[in-house]
Amino acid sequence: MSSSILSAATSGAASCSQRSLVASRLLVHQTRGAAQKAPAVKVAQSIGGVKKGQKDKWERKIGREYTHRQHDIPVFTRMSEDKLKLPKTDKSPAVLPEQFQPMSTSLNLPLFEPKAITRKNVGTAAGFDLTPTNPAKVFGLPKKMFLEFRILSTPCSVIRDVTVETKNKLEKAKDSSSKDSRIVLTGRAGCGKSFLLHQAVQYAKSEGWIVLYIPRAKTLINSTTTYTYDLRTQTYLQPQASYRIVEKLLTVNSDALSTLTLSAPFTLGGDQDKSKLQVFKEGTKLSEVAQACVKDKSYQSACGTLEVLMRELEGQTKFPVLMAIDDFQSLFHDTAYRDPFFRPIKSHHLSLPRLILEYASGKRNFAKGAFLSALTASDTQYAIPLELQDTLELGHRHPVSPYVQRSETLLQYASGLDAKAGGLQNLKVPEKFSVEEAQALFEVWKDDLALTNSRHDETFMAKYVESDGNPRDFVWKGVLASYAPS
Amino acid sequence: MLRRQAVFSLRRCYGTTASLRQAAPSSQASRLDDLRAGILGRTQQPTANTEDADDDVRKFKLPPSSPSFYTARPVFYDQVAQLERAIATANNALRRAQLLPLPAFARASLPPIHPVWQTKEEMTQHFQTKMTLARYRKVTKLLNELNDYHRIANTAGVNDLANKIYSIVSLFESSKKDAFLARGKRKPVVLDVYGRSYTVGKRKTSSARVWMIPVQQQESSSAPLPMTTILVNNIPLNEFFPLPADRERITRPLKVAGILGKYNVFSIVRGGGTTGQSGALAHGIAKGVVAHEPELETLFRRAKLTRRDPRMVERKKTGLAKARKRYTWVKR
C-alpha cells in the first residue's frame with residue numbers, strides 16, 4: 001500500500017522494470033498446439049462457497065481486493081526512463097528529452113493552508129498536502145476531481161474569492177451551533193462547487209475541526225451497499241456504509257476522537273451473539289469505541305457506533321464539527337433500494353441519508369460546527385428537485401407548473417433550509433472564473449506540460465472565451481481537449 | 001455638312017418660295033396649306049383673313065428644322081446623325097492630339113469602362129420611336145465607339161474633350177447603372193449608431209445573424225484583461241455548443257485576427273445542426289470583424305474565412321441508394 005510519493009515513485013520505477021522483464025518473458029509466441037496443451041490457469045472463484053483448506057487463501061485475496069479499493073489520492077508516478085527516450089536511429093543513440101529529465105519540471109506550488117487563504121492570494125494556485133490522514137485520501141473525492149488529480153502532478157486548486165468568503169463563514173461558525181451555519185453551495189454546472197467544498201474540508205482539517213466528508217452522497221442511495229430493516233427505529237439501516245464512515249472518521253480524526261469520551265455507557269454489538277457484546281463504560285475514549293467497531297468486520301455494530309459517535313459529537317464543544325456533503329440533491333430523490341413490495345425506498349427512510357437530512361434541516365445540530373453541502377447540477381439521474389429549487393430560490397430554466405406534486409416530507413426537510421426562516425443559506429458560487437483565477441489555473445497546467453501549443457496567450461484567451469469562464473469546461477474541454485499544433 | 005446638303009437637296013425639290021407659289025396647283029396647294037397650317041400650329045381652315053398670312057408663309061417658306069423631317073422617325077435619325085457627328089468630331093480631335101490610331105499595347109493598358117446603356121424600353125421613350133433590336137444595336141454600336149473615345153481621352157488626360165464626350169454619352173446611360181455594376185459584389189456593412197455591426201453568416205442550411213460591438217473597457221484596472229463574451233440565442237457559448245470542435249471553429253476568426261478580447265458577439269442562429277450552426281456563426285463573425293476592421297479584408301479572404309462554404313448536402317439520385325452509394329451489386 002503506497003504511503004508517500006517517493007516510495008511510490010521508486011517502487012513504481014522498480015516494479016515497472018521488473019514488470020517489463022516479466023512481460024517480456026511471457027510474450028512468447030505459442031503455437032496453437034502448445035496453447036491447447038498448456039494447463040488452464042486456475043482463477044480463484046468462490047462459486048458455491050470456499051473449498052476446504054482454501055479459507056486463508058480466500059481471505060487474503062479479499063483482503064487485497066479491499067486494499068485496492070481504498071480511495072487513495074492517485075499519485076503521479078513517472079514512467080521508466082527507457083520508455084520515455086526518443087528511439088535510437090542509425091546516427092544518434094536513444095535520447096531522453098529535456099522535459100523528461102528528472103526534476104526539470106515540477107509544480108512548485110505553495111501549500112494550501114489557512115493562512116494562505118486571504119484576499120491578496122485570490123488568483124493563486126495552492127497544492128494540498130499528501131499526508132495519509134488527509135480527508136481527500138481517506139474519504140475520497142468526487143469523480144471529476146479524482147480524475148483531474150490523477151493527471152496532475154500535485155493535487156491543487158485555485159484560491160478564489162468565494163474561498164475567502166467560505167473561510168470567513170466557517171470562522172464565524174466555529175463558535176456557534178451548526179443550526180446557524182447550514183450552507184448549500186449552488187451554481188451552474190461546472191462552476192466549482194465541489195472544489196470549493198473540498199477546499200473548505202481541507203481548511204477545517206488544518207484548523208483542527210472534526211471533519212466528516214461524504215464526497216459522493218449518491219453512493220448512499222444507489223443501492224451499492226447493504227441494507228437491513230430495523231424494527232426499533234423503523235428505518236432501513238446501512239451497515240456497510242456506516243462501517244466505512246466510522247472507519248474513515250476514525251482515520252482522519254483519530255487525535256480528536258482520542259481526546260473525547262463517552263458521556264453514557266454504550267453496548268457495542270449486533271443482535272446475533274449476546275456473549276460477544278462489548279460494553280463501554282462512561283468516559284471511554286471515542287477512538288476506542290470506533291476501533292472496536294472497525295475490528296468487527298461483520299458490520300453489525302457499525303450503525304449503533306455511528307449513531308453514538310454522532311450523538312457525542314453533537315454534545316461536545318471542544319472541537320467544531322464540519323459535516324460536508326457533496327451531491328446533496330441526490331438525498332431528495334427516491335433511492336435505488338427496494339422494499340419487500342418492490343417499491344423504491346424513500347431516502348429519508350434510510351439511516352444515513354436521514355442522518356444527513358436531519359443535520360441539514362436543523363433537527364439535529366452540533367453544539368459547535370457547521371453543515372456545508374454542495375449540489376451537483378450536471379447529474380441527470382439525480383437532478384436538483386423542485387423542493388430544493390423552490391426553497392433555495394434557484395430559479396427555473398423552464399416554467400414549472402404549481403400543480404406538479406412536491407413531496408411534503410421533503411418540503412419539511414427543505415423548509416428547514418429556508419434562509420428567511422433562519423434555515424439553510426444559499427451560497428452562490430460565481431459562474432465564471434475571473435481572469436486572474438483562470439490565469440492561475442492555466443499556468444498550473446502549462447507548468448505540468450499539458451499544452452501542445454507554444455502560443456500560450458492566444459490559447460488562454462481562446463479557451464477562456466470558448467468556455468465562457470466556466471471552470472470545468474476551461475480545463476476539460478479547453479486546455480486538455482485542444483490539439484492545436486504549435 | 002449634312003445639314004447643308006439636306007437643305008440644298010430640299011431646295012432643289014421645292015425650288016424657291018416664289019416658284020412654289022406659281023407652280024403649285026390649287027388642290028396641291030390646299031393640301032400643302034393644310035400641312036403648313038399644321039406645322040405652324042394653326043388648327044382652323046385658312047380663311048379669307050389669313051390669306052395675307054398664307055402669302056407670308058408662301059413668301060417665307062422655311063425648310064424643315066431637320067433633314068430627317070420627312071422620314072418616318074425624325075427624332076431617331078436626328079439622334080443617330082448627332083451621334084455620328086460627335087463620333088467624327090471626337091475622332092478628329094483625338095487624331096489631332098495624336099491619340100489615334102492607338103498602338104496595341106496602349107489599347108491593352110486602358111482601364112476597362114463598363115457602360116450600361118439604357119434598355120430598349122427606355123430608349124423608346126428617348127427616341128420617340130419603337131426601338132427594335134436592329135435600331136438598338138445600331139445605337140449601342142455608336143455609343144460604344146463614343147465610349148471608347150471617351151476612355152482614351154480620359155486616360156490621356158484630355159479632360160475637356162473627355163467631358164464633352166461624356167456629356168453626350170451620359171444621356172444614354174441607364175439609371176440602374178450603379179445597381180447593375182454592383183451586382184454580385186458584397187454590400188458594404190455599415191456600423192450603426194452604437195458602433196455595432198450586423199452581419200449574416202451561412203453554412204449548409206443554417207444561418208446566423210451576428211451583432212458585434214467593441215468591448216467597453218473600464219477606466220479603472222479592476223479587469224486586467226478584456227474578454228470576448230459570445231451569446232448564441234441568448235445562451236452562453238459553452239452551453240449552446242458542448243463540443244470543443246464547434247467552439248474552436250467559432251473563435252477561429254478572432255484568433256486569426258488576434259482580437260480575442262476586443263468585441264462582444266451576440267447572435268441568433270437558426271436551422272441545421274451543430275456543425276452548420278457553428279460554421280454559420282464563424283462566417284458571420286468573420287464578416288463582422290471585416291466590417292469593424294477593413295484592413296483585415298485581404299487576410300480573411302486569403303484565410304478563406306469570409307468565404308461562404310458552398311458545400312451542401314448532395315441530393316439522392318435515382319438508381320442509387322444515396323447520393324453516391326450504389327446498391328449491392330448482384331451477379332445474377
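Two strands pair if DSSP finds at least two bridges between them. That rule sets up the first stop in this predicted model, the sheet around strand 5 of chain B.

Strand 2 of chain B covers residues 206-214 and runs antiparallel to strand 5 of chain B, with eight bridges joining the two. One position shows the register: B:M212 stands opposite B:V265 of strand 5. Strand 5 also has a partner in strand 3 of chain B, residues 230-232. Here the strands run parallel, and three bridges join them. B:V265 turns up again, as the bridge partner of B:I230. So B:V265 faces B:M212 in strand 2 and B:I230 in strand 3.

Now look at the faces of strand 5, which spans residues 263-270 of chain B. In a regular strand the side chains alternate between the two faces of the sheet. Strand 5 of chain B has a covered face made of B:Y263, B:V265, B:S267 and B:V269. Its uncovered face holds B:N264, B:F266, B:I268 and B:R270. B:V265, the residue bridged to B:I230, is thus on the covered face.Move on to strand 1 of chain B, residues 197-203. Seven bridges join strand 1 to strand 2 of chain B, and the two run antiparallel. B:G201 stands opposite B:A208 of strand 2. The two strands form a hairpin with two residues between them. In the turn, B:K204 has a positive phi of about 50 degrees. Strand 1 of chain B has two faces as well. B:S197, B:T199, B:G201 and B:R203 lie on the covered face. B:Y198, B:V200 and B:K202 lie on the uncovered one.

Ahead of strand 1 comes a loop that starts from helix 10 (177-181) of chain B, and B:G195 lies in this loop. Is B:G195 buried or exposed? B:G195 counts as buried because its relative accessible area is 19%, and the cut-off for buried is under 20%. Leaving aside neighbours within four places in sequence, B:G195 is in contact with B:M212, B:I213, B:P214 and B:H292. Among these, B:M212 is the residue opposite B:V265 in strand 5 of chain B. The C-alpha atoms of B:G195 and B:V289 are separated by 12 Å, and the two residues are 94 residues apart along the chain.

Next, the interface between the chains. Contacts involve 19 residues of chain B and 21 residues of chain A. About 1800 Å² is buried between the two chains, and carbon and sulfur atoms give 59% of that area. Polar links are present too. The count is eight residue pairs in polar contact, both residues at pLDDT 80 or more. Which elements give two or more residues to the side of chain B that touches chain A? They are helix 11 (237-240) and helix 12 (244-257) of chain B. Helix 12 gives the largest share, five residues. By type, this side of chain B divides into ten nonpolar, five polar and four charged residues. The rule finds four salt bridges across the interface. In one salt bridge, the side chains of B:R247 and A:D473 meet at 3.1 Å, N to O.

Cross over to chain A. Chain A has 18 helices and 13 strands. Buried residues make up 44% of its 486 residues. Of the contacts in chain A with a separation of 6 or more, 75% are between residues 24 or more positions apart.

Two loop residues of chain A are worth a stop. A:S330 is found in the loop between strand 9 (321-326) and strand 10 (334-338) of chain A. A:S330 is buried because its relative accessible area is 0%. Where does its side chain find a polar partner? A polar atom of the A:S330 side chain lies 2.6 Å from the backbone oxygen of A:D327. Setting aside neighbours within four places in sequence, A:S330 is in contact with A:A217, A:K218, A:I221 and A:Y382.

The second residue is A:N134. Its place is in the loop between strand 1 (124-127) and helix 5 (135-139) of chain A. A:N134 is buried because its relative accessible area is 2%. Not counting residues up to four places away in sequence, A:N134 touches A:D129 and A:Q202. With A:Q202 there is also a polar contact, side chain to side chain, at 2.9 Å.

Technical notes. Residues numbered from 1 in each chain as written. Chains lettered and ligands numbered in written order. Predicted model: local features only at pLDDT ≥ 70, side-chain atom pairs only at ≥ 80, totals over all residues. Heavy atoms only, no water. Helix = DSSP H or I, 4+ residues; strand = E, 2+ residues; numbered from the N terminus. Buried < 20%, exposed > 50% of the residue type's maximum accessible area, 1.4 Å probe, protein only. Polar contact = N/O pair within 3.5 Å; in protein donor to acceptor, adjacent residues only side chain to side chain. Contact = heavy atoms within 4.5 Å. Buried area = accessible area lost by both parts, 1.4 Å probe. Nonpolar A, V, L, I, M, F, W, Y, C, P; charged D, E, K, R; others polar.
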